Amino acid sequence: HSIYGTEGFQGFSLPLSERPAIIDLIGKSAEKLSFIFCMVDRSTVDDSVFAWEPACTTENYTFRARPEMGRFPIELNKEEWLDFIELTLADWLEQVEGAAATPSKLYLWKTGEAYAYRRMAYRKMSEVLVAERPKRLKDIVPQMYDAVMGTESPATRSLVQPRTPPQSDAAAAALAALRSVGEDIPEDFSPQVVAGLEAALA
């Protein structure tokens, strides 16, 4: 699902000219999810998640591509949106414990701080999936979420890192440009202490 390179992973990747070959291999729907996973500005995903409420009647969603990719709109229907949220949460729950084991210069993490990354968004994603896909996910999602996040040290449970730090000069320049015209882009992307957070999430 990171085959074209993502906001946070820009190691090995295939050029977008290979999309037809990938579609032939995994199918159009799966490739679309992979394409979105690679292109999307994750802050726009999180905005859509935070806007969700129980009994929400929204049937279509719009993400935006990463700023350095042009911020083009990415349209999804409700089922595609839920598929993407499920993929996103599962991907992070699989990775976070290992990611927290060592510091990361790219993500600006000290050891243990990976749990702070998009903390509130992932928590809300679990709520969305339980409510929207109860037949399959109402038990397993909270069980997995609690089991994984329960491995976090108390020392980092008051930290939140809402945005991905820029992983390239192009990303940094694009975010600086948006900041200069008034968008709410932090200058410090490292995890930040939020007073009272641990108690609020208990």
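Me: Before charges come up, which residues count as positive and which as negative?
Reply: Lys and Arg count as positive, Asp and Glu as negative; His and the chain ends are not counted. Each charge is placed at NZ of Lys, CZ of Arg, CG of Asp or CD of Glu.

Me: How far apart are the mean positions of the two kinds in the chain?
Reply: They lie 1 Å apart, for 21 positive and 30 negative charges.

Me: What kind of model is this, and how are residues numbered?
Reply: The model is predicted: local features need pLDDT of at least 70, side-chain atom pairs count only at pLDDT 80 or more, and totals for chains, interfaces and linings use all residues. Numbering runs from 1 along each chain as its sequence is written, and side-chain values use heavy atoms, with hydrogens and water left out.

Me: On to Val-128. Where is it?
Reply: Val-128 sits in helix H5, residues 119-132. Helices are DSSP runs of H or I, at least four residues, and strands are runs of E, at least two, numbered from the N terminus.

Me: Is Val-128 buried or exposed?
Reply: Val-128 is buried, at 0% relative accessible area. Buried means under 20%, exposed over 50%, partly exposed in between (1.4 Å probe, protein chains only).

Me: What is Val-128 in contact with, beyond four places in sequence?
Reply: Val-49, Trp-52, Trp-81 and Leu-82. Contact means heavy atoms within 4.5 Å.

Me: And the whole chain: how many helices and strands?
Reply: Nine helices and four strands.

Me: What share of the chain is buried?
Reply: Buried residues are 42% of the 202.
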